[in-house]
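Some questions on how the labels used for this structure are justified. The model is a predicted one.

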Amino acid sequence: MNRFQVRKVAVLGAGVMGAQIAAHLVNVRVPVVLFDLPAKEGPKNGIVTKAVEGLKKLKPAPLGVPEDAALIEQANYEEHLDKLKECDLVIEAIAERMDWKLDLYTKIAGSIAPHAIVASNTSGLSITKLSEVLPEAIKPRFCGIHFFNPPRYMALVELIATPTTEPEVLDQLEAFVTTTLGKSVVRAQDTPNFIANRVGIAGMLATMKEAETYGLTFDVVDDLTGKKLGRASSGTFRTADVVGLDTMAHVIKTLQDNLGPEQGNDPFFASFATPPVLQKLLDAKALGQKSGAGFYKKVGKDILRYDAATGDYVPGGGKADEIVARMLKKPPAERLKLLHDSKNPQAQFLWAILRDSFHYAAVHLAEIAESARDVDFAMRWGFGTSQGPFELWQAAGWSQVAQWVKEDIDAARALSSAPLPPWVFEGSVASNGGPHRPEGSWSPRHARFVAPSTLPVYARQPFRENVFGADAAAPLKAGTEVFRNDEVRVWSLDGDVLIASITAKLHLISPAVTQGLLKAVELAESAYQGLVIWSPDDVFSAGANLEVLMPVFMKSGGKGILPEEKKLQDAMLRIRYAGVPVVAAVRGMALGGGCELAIHCARRVAAMESYMGFVEVGVGLIPGGGGLAYIARRAAEMAAAGNANADLFQFLRDPFTSAATAKVGTSAIESRKLGYLLDSDVIVAHKDELLQVATQQVKAMAESGWRPPMRTTFPVAGRSAKATIKGQLTNMRDGRFISEHDFHVAELIADVVCGGDVDAGSQVTQEYLMALERQHFCGLLDHPKTQERIMGMLQTGKPVRN
Ligand code: NAD
């Protein structure tokens with residue numbers, strides 16, 4: 001296969017999706033030019049400029065750091081069509097109108113580079129019809145590329161071929177979308193709304209309809225259909241409010257327009273009518289979160305819910321019945337039986353929506369997807385469910401559930417009279433107990449189980465996501481285990497690189513974790529090229545485990561913690577000076593002690609969604625595992641790299657402020673800006689490639705003759721810098737921006753990062769700074785206000801302001 005190089009991408013349409021796709025391209029460092037129509041007044045790029053400005057304020061943030069908006073090149077179709085020639089990939093994301101899209105394609109066709117791939121982000125229009133206006137030369141390189149909103153955070157991208165798309169084009173695009181953009185690809189058939197929206201929106205409509213049938217209020221439905229059911233925590237109606245009820249209506253309209261008796265002919269068509277309550281809200285211009293009211297309305301601190309009968313907003317907060325909540329905690333087979341057999345209306349409602357989802361997915365599988373796996377992945381990645389419909393059905397007992405669904409269809413309790421397809425009851429699927437098995441998932445269109453894609457890009461994912469029934473290897477049971485204690489597993493996949501996985505809750509660092517990591521370093525030094533600290537879930541480490549230190553503290557106060565703190569600091573130094581490279585594979589939170597662990601490694605490989613920072617002040621403490629010593633050392637290193645006369649203080653100010661205000665990077669990019677990742681560290685877009693990249697880093701470092709850093713002294717900014725910081729802190733305290741205790745903690749942070757009571761430029765060691773850290777950390781433990789903050793955090797999980 002030719003190497004598909006993407007030097008630059010053009011995104012056409014700077015609306016909700018186009019602008020955010022451009023932002024994500026910038027996040028992963030792909031140059032992008034964003035086009036829109038020329039503005040009628042003012043500068044011709046006006047529309048794009050406004051969209052790019054909007055990206056800086058949008059929540060959740062589409063950009064890793066807002067200032068990266070400047071990296072998006074702005075263009076309009078009147079002045080800049082020539083710029084299209086430089087692009088290897090063109091993503092069209094203009095308004096969802098077939099005629100407008102066709103017009104635009106005609107306009108740009110002559111300016112597209114001969115090798116470029118052209119792809120539409122349409123949510124549901126026919127890709128084949130869109131391709132028809134294109135010149136013959138472009139048709140083989142045209143396809144659908146369907147991102148989900150918000151594109152930075154939603155994993156799913158559906159790729160859709162037309163009959164004329166070259167297979168190689170989709171393969172190239174799949175590799176790019178996976179490794180470079182970090183998205184998870186499902187190939188969809190060219191049917192209305194593709195897979196995720198087809199199944200997902202039909203599911204939301206079914207939920208709204210069944211809620212009415214069973215007389216449940218929106219708040220109760222959301223509690224039932226959120227986390228408790230293994231779905232996105234916003235449930236059903238709050239999700240609709242967040243998406244926007246107008247957008248929701250738009251997608252429903254696509255179903256209504258394309259799946260009626262004349263075309264599409266979906267047997268569930270009757271259930272696609274706009275729910276009356278949704279229509280009422282649309283008529284009242286209550287469009288959800290963006291207009292301040294929808295199914296819910298926030299008034300002061302209260303969340304009110306819409307009462308469809310009276311048209312008023314009334315107090316919300318209704319929850320699932322305790323008995324039903326308990327049913328949902330049972331394993332799938334028991335759970336579904338309890339729901340199916342129960343007389344409780346909430347349980348009956350839940351059975352009904354699950355039945356509807358199984359029914360819908362089974363009836364449509366042959367038409368919309370290659371295999372059952374693609375439907376399940378589309379629902380996981382596009383709608384945030386923990387399992388898709390087929391895997392849940394299989395886990396719950398395929399034949400029994402199929403029988404129940406059939407009974408409901410026969411008794412006209414289902415949303416459609418369409419029977420379940422024969423493959424549900426007979427042949428390989430029935431004898432296998434469901435559509436997923438280790439060698440693949442059922443494909444009605446091929447009448448066999450089809451294996452997952454074998455494209456080379458998936459070799460980069462040692463633990464590729466898989467569905468229930470595929471019996472995929474569990475990372476924490478895989479490879480060769482070399483050591484394990486209660487909170488760390490040390491193992492190897494290839495015999496060359498050792499892996500340490502922290503298994504404690506939130507990967508909190510306790511003495512057992514420290515001991516496990518030290519053992520891992522020792523083992524790595526004895527027989528491996530190096531060590532990767534990696535865990536399969538999405539937290540690196542949320543910090544030090546304060547709870548386990550409680551008994552010691554109760555007995556001997558802050559002083560009793562001193563030796564524990566020293567052990568933690570020594571462990572950090574042991575990792576830093578290990579005889580083999582230790583690489584931290586960071587993903588999700590790396591906070592407090594977790595951040596300190598990462599920064600003491602020889603290198604960090606971080607997933608784009610990594611959130612790093614020192615948050616200790618939240619519990620009235622200071623970073624005590626070498627974090628402040630790191631800030632002082634980095635300032636000295638950066639000053640030395642600048643020029644001999646550089647003022648050390650300049651390099652201290654921002655890191656000091658970050659530590660003193662518990663600032664956490666909201667992406668790997670921002671974490672790097674805060675100084676917790678270095679320029680030499682690697683940012684990885686796809687979470688499932690993290691282990692592979694970290695392992696390769698260890699190997700490359702070992703191959704390059706890696707040696708640990710030398711133990712040297714370095715200069716600190718000293719008492720004059722401390723006095724400057726104190727002056728600023730005093731103003732903040734007197735202006736009541738910070739409390740007396742915030743002031744006290746910040747002053748202690750300043751003391752350590754400036755090197756204590758010494759002259760500017762004094763040479764110090766890390767050990768010296770760590771001793772200062774230790775002293776202040778343990779002193780703060782005895783402070784009543786710190787104790788109040790710690791107790792508050794342990795009891796409520798929320799910071800106490802005092
Ligand atoms: P939008 O309304 O926010 O933006 C559409 C953009 O198209 C605007 O910037 C507008 O100036 C431009 N435009 C309008 N008419 C045009 C024309 N005749 N020629 C050229 N440009 C024109 O829309 P959006 O929500 O960003 O959707 C864009 C595409 O992405 C649609 O195909 C939509 O179905 C799809 N999509 C949307 C979402 C979503 O959640 N909004 C999700 C996935 C896919």
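Q: Which elements each supply at least two residues of the shell around the ligand?
A: They are α1 (16-27), α3 (98-108) and β6 (142-147).

Q: What makes a residue part of the surroundings of the ligand, and how many residues surround the ligand?
A: A residue is near the ligand if one of its heavy atoms lies within 4 Å of it. In this predicted model 19 residues surround the ligand, and the closest are Met17, Asp36, Glu96, Lys101 and Ser123. The shell divides into 10 nonpolar, 6 polar and 3 charged residues.

Q: Why does the pair formed by glutamate 96 and the ligand count as a polar contact?
A: The cut-off is 3.5 Å between N or O atoms. A polar side-chain atom of glutamate 96 lies 2.5 Å from an oxygen atom of the ligand, so the pair is within 3.5 Å and counts. For lysine 101, a polar side-chain atom lies 2.7 Å from a ligand oxygen atom. Alanine 95 has a backbone N or O atom 3.2 Å from an oxygen atom of the ligand. Taken alone the ligand exposes 830 Å², of which the protein buries 77%.

Q: How do you know that β12 and β13 pair?
A: Pairing needs at least two bridges. Strand β12 is joined to β13 (residues 440-443) by 2 bridges, so the two strands pair, and they run antiparallel. Histidine 436 stands opposite serine 441 in β13.

Q: Why are β12 and β14 at the edges of the sheet?
A: The open sheet has 3 strands in the order β12-β13-β14. β12 (436-437) and β14 (448-450) each have a single partner strand, so one side of each lacks a neighbour in the sheet. Helix α14 (residues 372-383) packs on the sheet and touches β12, β13 and β14.

Note on methods
Residues numbered from 1 in each chain as written. Predicted model: local features only at pLDDT ≥ 70, side-chain atom pairs only at ≥ 80, totals over all residues. Heavy atoms only, no water. Helix = DSSP H or I, 4+ residues; strand = E, 2+ residues; numbered from the N terminus. Contact = heavy atoms within 4.5 Å. Axes fitted to C-alpha atoms, helices over the stretch in contact; angles between N-to-C directions. Polar contact = N/O pair within 3.5 Å; in protein donor to acceptor, adjacent residues only side chain to side chain. Areas by Shrake-Rupley, 256 points an atom, 1.4 Å probe, with all protein chains shown as cover. Nonpolar A, V, L, I, M, F, W, Y, C, P; charged D, E, K, R; others polar.
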